[in-house]
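Reader: Could you take me through this chain, going from its overall build to particular residues, and set out the reasoning behind each answer?

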Amino acid sequence: VENLAKIFDGLKIVDLTHSLSSEIPTWNGSCGFSVEIKKDYDHDFRVQKIQMHAGVGTHMDAPSHRFQNGLSIAEIPVETLIVSICLVNVVKKATPTYLISIKDLEEYERAHGKIPSNSLVIGYTGWDRFWHNPDQYRNVDKGGMMRFPGFAAEAAEFLLERNVAGIAIDTLSPDPPDSTFPVHRLVLGADKYIIENIANAFRLTAKGCYAIALPIKGAACTEAPVRVLGLVHK
Ligand SMILES: [Zn+2]
């Protein structure tokens, strides 16, 4: 316990996870999460049953989400789940169709140094400010297409060259819904993970923070809710 206290000394813990409820925005607009009360303290305990989409709220996509022989959620190496964070801040330019570019990553590296191997790169677009308004967060245009910021395919390739552990974003997906999902194909195809709907990224600094990203350990799961904590220097 003493050693553990030393590790955490000088760090504060921030929650990068949205709370799950039946109200939250989902990919297809349906209810993604519900809790049913099975016993209501009738023998002293309240017992609940949860029903949810696997990919609901702040969640992780495993390689098997896109590739039949890819790693499942339970098979993702734990060494890739507690890692340093690189926060790529594009809030000022993140229009609803903005894609984080190689230029953004190069700017990040000029300011903060090379993106280290086995780090989690969070694309911080500021879109999570709409989380509590599902219509705004999903932002369906006149053609029926959702519009929110993401990552460009070339940026994903750049990050895979850096051998990152995974990427995260504060929207429903790093790929625009009218794309062929190249970022999913590239990142999951390289046996890395994707975290969607990250919260509170504004609490992080560009470098020097750590992530603890622990999904529910579903044996054959291709996606799973994840509790993401950030460790930030005080
Ligand atoms: Zn996804």
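The questions and answers that follow go from the whole chain to single helices, aromatic rings and loop residues.

Reader: What is the radius of gyration of the chain, and how does it stand against the globule rule?

Author: The model is a predicted one, and its chain has 5 helices and 12 strands. For 234 residues the globule rule gives 17 Å, and the value computed here is close to that, so the chain is as compact as a globular protein of that length. The radius of gyration is 18 Å.

Reader: Among contacts between residues at least 6 apart in sequence, what percentage joins residues at least 24 apart?

Author: As background, 47% of the 234 residues count as buried, and the accessible surface comes to about 12100 Å², of which 52% belongs to carbon and sulfur atoms. Of the contacts that you ask about, those that join residues at least 24 apart make up 72%.

Reader: How far apart are the mean positions of the positive and negative charges of the chain?

Author: The chain carries 24 positive and 27 negative charges, and a mean position can be taken for each of these two sets. The distance between the two mean positions is 4 Å.

Reader: Is helix H5 largely enclosed or open, and which of its residues are buried?

Author: Helix H5 covers residues 182-189, and 6 of its 8 residues are buried, so the helix is largely enclosed by the rest of the structure. The cover over these buried residues includes strands E4, E8, E9 and E10 together with helix H4. Just after H5, Asp 191 takes a positive phi of about 65°. The buried residues of H5 are Pro 182, Val 183, His 184, Leu 186, Val 187 and Leu 188.

Reader: Which elements do the buried residues of H4 pack against?

Author: In H4, the buried residues are Ala 153, Ala 155, Ala 156, Phe 158 and Leu 159. The helix is followed by Asn 163, whose phi is positive, near 60°. The elements against which the buried residues of H4 pack are E6, H2, E7, E8, E9 and H5.

Reader: How many residues apart in sequence are the parts that the pair of Trp 27 and Phe 181 ties together?

Author: A search of the whole structure finds 4 aromatic pairs, and one of them joins Trp 27 and Phe 181 in a tilted arrangement, with 6.1 Å from centre to centre and 55° between the planes. Trp 27 lies in the loop between strands E1 and E2, whereas Phe 181 lies in the loop between E9 and H5, so the pair ties together parts of the chain that are separated in sequence by 154 residues.

Reader: Which residues form one aromatic cluster with Trp 27?

Author: Trp 27 is partly exposed, with a relative accessible area of 36%, and Phe 181 also counts as partly exposed, at 27%. The residues that form one aromatic cluster with Trp 27 are Phe 148 and Phe 181.

Reader: Is the pair of Trp 127 and Phe 130 stacked or edge-to-face?

Author: Trp 127 is buried, with a relative accessible area of 4%, and Phe 130 counts as buried at 15%. The ring centres of Trp 127 and Phe 130 lie 4.8 Å apart and their planes are at 85°. Planes over 60 degrees apart count as edge-to-face, so the pair is edge-to-face.

Reader: Where is Asn 139, and what is its phi?

Author: Asn 139 has its place in the loop between helix H3 and E8, where it counts as partly exposed at 24% relative accessibility. Although Asn 139 is not a glycine, its phi is positive, about 50°.

Reader: Is Asn 197 buried or exposed, and what is its relative accessibility?

Author: Asn 197 lies in the loop between E10 and E11, and beyond the residues up to four places away in sequence it touches residues including His 18, His 59, Trp 131, Tyr 137 and Ile 169. Asn 200, whose place is in the loop between E10 and strand E11, is partly exposed with a relative accessible area of 22%, and it has a positive phi of about 60° although it is not a glycine. Buried means under 20% relative accessible area, and Asn 197 counts as buried at 1%.

Key. Residues are numbered from 1 along each chain as its sequence is written. This is a predicted model: local features need pLDDT of at least 70, side-chain atom pairs count only at pLDDT 80 or more; totals for chains, interfaces and linings use all residues. Side-chain values use heavy atoms; hydrogens and water are left out. Helices (H or I, at least four residues) and strands (E, at least two) are DSSP runs, numbered from the N terminus. The radius of gyration is taken over C-alpha atoms; the globule rule is 2.2 Å times the number of residues to the power 0.38. Buried means under 20% relative accessible area, exposed over 50%, partly exposed in between (1.4 Å probe, protein chains only). Contact means heavy atoms within 4.5 Å. Accessible areas come from the Shrake-Rupley method with a 1.4 Å probe; for residues, only the protein chains shown count as cover. Lys and Arg count as positive and Asp and Glu as negative; His and the chain ends are not counted. The place of a charge is taken as NZ of Lys, CZ of Arg, CG of Asp or CD of Glu. Rings of Phe, Tyr and Trp (its six-membered ring) pair if their centres lie within 6.5 Å; planes under 30 degrees apart count as stacked, over 60 as edge-to-face and the rest as tilted.
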